[in-house]
Amino acid sequence: MLRLEKLELIGFKSFLSRTEFRFNEEITAVVGPNGCGKSNIADALNWVIGEQSVKSLRGDRMEDVIFNGSEGRRPIGMAEVSLHLKNGTDDGTEEHLVITRRLFRSGESEYLINGERTRLMDIQETLARINVGSGLCA
């Protein structure tokens, strides 16, 4: 059975510092007051698994996902999101999968699977194999 274990964000939208969300089996929803970043968590999930539509990410340019500064905080040069998944197999073993996407202000981007650089196509194929797609969060 596939399980979302953790989501790590650095410099993604409103999450300047390294932020980690752990999803144990008891979590069924993310709640909070307006403006606390709930929608940004859903955007991060979609973005890390390959979302290419800037409008779907509620922005005008892809660079809008990079923390753009605030009062007393300077903009930074990169956004990074890592999605940690655990897949229990039929034979009782567990497969751990970490998918990471980085975007730099220069426009360069990187995709990684378990720390190894890869292509977006490889991530999409891996996710299709375990039945996860870009419609993860609506």
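What volume does the largest pocket have? Some notes on that and a few other spots, bearing in mind that this is a predicted model.

1. The largest pocket comes out at about 220 Å³. It is lined by 12 residues, and those closest to the centre are Leu4, Phe23, Ile27, Val30 and Leu45. If you want to find the place on screen, those five names are a good start.

2. Where does the largest share of that pocket's lining come from? Helix 1, residues 38-48, supplies four residues, which is the largest share. As for chemistry, the lining of the largest pocket splits into nine nonpolar, two polar and one charged residues.

3. Now the enclosed space. The count gives one cavity of 30 Å³ or more, and the largest cavity has a volume of about 30 Å³. Its lining is made up of Leu2, Leu85, Lys86, Asn87, Glu95, His96, Leu97 and Ile130. Strand 3 (78-88) and strand 4 (94-104) each give at least two residues to that lining.

4. By class, the largest cavity is lined by four nonpolar, two polar and two charged residues. Lys86 and Glu95 are the charged ones in the list, while Asn87 and His96 count as polar.

5. On to the aromatics: there are two pairs. In one of them, the ring centres of Phe12 and Trp47 sit 5.3 Å apart with the planes at 45°, so this pair counts as tilted. An angle of 45° falls in neither of the other classes, because stacked needs planes under 30 degrees apart and edge-to-face needs over 60.

6. The Phe12 and Trp47 pair also ties together distant parts of the chain, 35 residues apart. Phe12 belongs to the loop between strand 1 (2-10) and strand 2 (19-22), whereas Trp47 belongs to helix 1. Are these two buried or exposed? Phe12 is buried, at a relative accessible area of 0%, and Trp47 is buried, also at 0%.

7. The other pair is Phe15 with Phe21: centres 5.7 Å apart, planes at 90°, and therefore edge-to-face. With the cut-off for edge-to-face at over 60 degrees, the 90° angle qualifies.

8. How do Phe15 and Phe21 rate for burial? Phe15 has 10% relative accessibility and so counts as buried, because the limit is under 20%. Phe21, at 21%, is partly exposed, because its value is not under that 20% limit and not over 50%.

Key. Residues numbered from 1 in each chain as written. Predicted model: local features only at pLDDT ≥ 70, side-chain atom pairs only at ≥ 80, totals over all residues. Heavy atoms only, no water. 1 Å grid on protein atoms, 1.4 Å probe; cavity = no way out; pocket = protein on both sides within 12 Å on 5 of 7 lines; lining within 4 Å. Points joined across faces, edges and corners; volume = space filled by probe spheres on them. Phe/Tyr/Trp six-rings, centres within 6.5 Å; stacked < 30°, edge-to-face > 60°. Buried < 20%, exposed > 50% of the residue type's maximum accessible area, 1.4 Å probe, protein only.
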